[in-house]
Amino acid sequence: MPMPQKMGRGDEMGRGPYEKSGIINDTGLPPGKTVEEHFEIPFYTEDVTDDNDRVIERKLMDNTLELNVKLWYLPYGNKQSDPFIWQEYTQTITVSE
Amino acid sequence: MKKTKNTLMAFLACIAAFVLIATSAFAAGVGKDGTIVAKKGKATTIAELVAMYDSTGCIDCHEDTHDEWANSAHARSVYGTGRTAATMKTALENGVLSWAYSGAESPEDVEVEHLMGCAKCHLPQLADATDAVAKEFIADIYALMDAYRNDDEEKFDDMKDTLLSLNINCLVCHNRMAITHKWTDGYPQDGTVYGSSDGEHEDEAYPHTKVSPIMSESIFCGQCHGLGPNFELDNPTQCATAYGSYLWAYTAEGGTETCQECHMEKSGLGHDMQSYRSKVMSDAAVDFEVEAYGAKWRDGRLVTPKAIVKVKMTNRTGHAIPDG
């Protein structure tokens, strides 16, 4: 998402077209380039502790995880105003019990 | 002495005559007097402005093209989904009316120049209207917003229809905006539709067709779809930046396709030019690959199970996504 510069000066972002002049930062997708993102999502576990409150075991509560990856476009910068899901991917991930 | 005086006067008269001839023959903008606005005169009401660029005569022979266009954002460039008109009101209040040196303190003070930050692209033909039209335009947007707040459906629909009558239609693109380099290619002339061929045109008001040298070039779209700040304005605005990105991040990296090739031809959408809200465009725009698997991280004797997720996104368009 482009972060337009307010009145072409300083570190503040401008919102309306009447304020925007320049770009401070851009997290959008540049043309012809591949952007990679890496995520690590923990499975649901519960820790077992001994008498000294020391974690001695991490118990896996469910060895499946429903993964849902969404590429959002948020024209107004939040999910309340006209959000758009560009792409979506789902998969069930498992680990050994 | 008298002879010298007469000679001097004759010399000055010659210079004056030369300046006059030079001015009329070589004034900047040869053919500028043949444009639609030059022939019809500046519009003094919204109705006159709509009539000046009335394209309804095109429908008889180009119905399919018209129907494609009617579904595009170009057909509602001022009203949008309602948000565009609302943003123009915000731009006026938070911008023009709040700035110390704009010369406008209330909506009644607004002139055409105050609105060109938005109108440059959303309604370029506003430049062919008097300040009375700028005031009427702003009054209509206020009336629309008031009617919405007061649940006055009739007034709201009336104002909505007025704002929808102002758009980027056939004549705006195929005449007014059809030539960028006017000193090279000439000014777009009243009575002529600019496209892909020279010849006769079966239309009483527009009996000629002429080639627009840029109609299939990206620069044509770039007139509105933006380089960044519009420095030609006394207070620059910035809305679209797609054309800047196209030039410096796409063609500079070897890209060769034009806006029209992707948005009109390959998409199959023709004059229904769309962006991400059209599935055919959003699907073609981004390759989205996800690789995911489970793995167990071990820290001492503690095992932490995780999903490892790798996402690859490749922008296949000719500009950054998103734009703005």
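What percentage of the 324 residues of chain B count as buried? I looked this up before anything else, bearing in mind that I am working with a predicted model. The answer is 42%.

**Entry: overall form of chain B**

I turned next to the secondary structure and found 14 helices and 5 strands in chain B. I then checked the radius of gyration, which is 26 Å for chain B, whereas a compact globule of 324 residues would come out near 20 Å. The C-alpha trace of chain B spans about 120 × 55 × 50 Å along its principal axes. I also looked at the contacts between residues at least 6 apart in sequence, and in chain B 52% of them join residues at least 24 apart.

**Entry: surface and charge**

I noted that chain B exposes about 17,900 Å². Carbon and sulfur atoms supply 56% of that area. For charge, I found 28 positive and 47 negative side chains in chain B. The centres of these two sets lie 10 Å apart.

**Entry: helix H6 and its partners**

Which residues of helix H6 of chain B are buried? I found B:Val112, B:His114, B:Leu115, B:Met116 and B:Ala119 within this helix, which runs over residues 112-122. I followed their packing and arrived at helix H5 (83-95) and helix H7 (131-149) of chain B.

**Entry: the cores**

I went on to the largest nonpolar core, which has 54 residues. The members that touch the most others are B:Leu49, B:Leu92, B:Leu115, B:Leu126, B:Phe137, B:Leu144 and B:Leu163. Helix H7 of chain B gives the most to this core, with 10 residues. I also noted another core lying apart from it, made up of 22 residues, including A:Phe43, A:Leu65, A:Leu71 and B:Val309.

Back in the largest core, I picked out B:Leu49 for a closer look. Leaving aside neighbours within four places in sequence, B:Leu49 is in contact with B:Ala43, B:Gln125, B:Leu126, B:Asp128, B:Ala129, B:Val133 and B:Leu166.

**Entry: A:Phe39**

My last stop was A:Phe39, which I located in strand E3 (residues 34-42) of chain A. Why does A:Phe39 count as partly exposed? Its relative accessible area is 39%, and partly exposed covers values between the buried limit of under 20% and the exposed limit of over 50%. Not counting residues up to four places away in sequence, A:Phe39 touches B:Ala307, B:Ile308, B:Val309 and B:Val311. I also compared positions with A:Phe84, 45 residues from A:Phe39 along the chain, and found their C-alpha atoms separated by 22 Å.

Conventions: Residues numbered from 1 in each chain as written. Chains lettered and ligands numbered in written order. Predicted model: local features only at pLDDT ≥ 70, side-chain atom pairs only at ≥ 80, totals over all residues. Heavy atoms only, no water. Helix = DSSP H or I, 4+ residues; strand = E, 2+ residues; numbered from the N terminus. Rg over C-alpha atoms; globule rule 2.2 N^0.38 Å. Buried < 20%, exposed > 50% of the residue type's maximum accessible area, 1.4 Å probe, protein only. Contact = heavy atoms within 4.5 Å. Areas by Shrake-Rupley, 256 points an atom, 1.4 Å probe, with all protein chains shown as cover. Lys, Arg positive; Asp, Glu negative; His and termini not counted. Charge placed at Lys NZ, Arg CZ, Asp CG, Glu CD. Core = buried A, V, L, I, M, F, W, Y, C linked by side-chain atoms within 4.5 Å.
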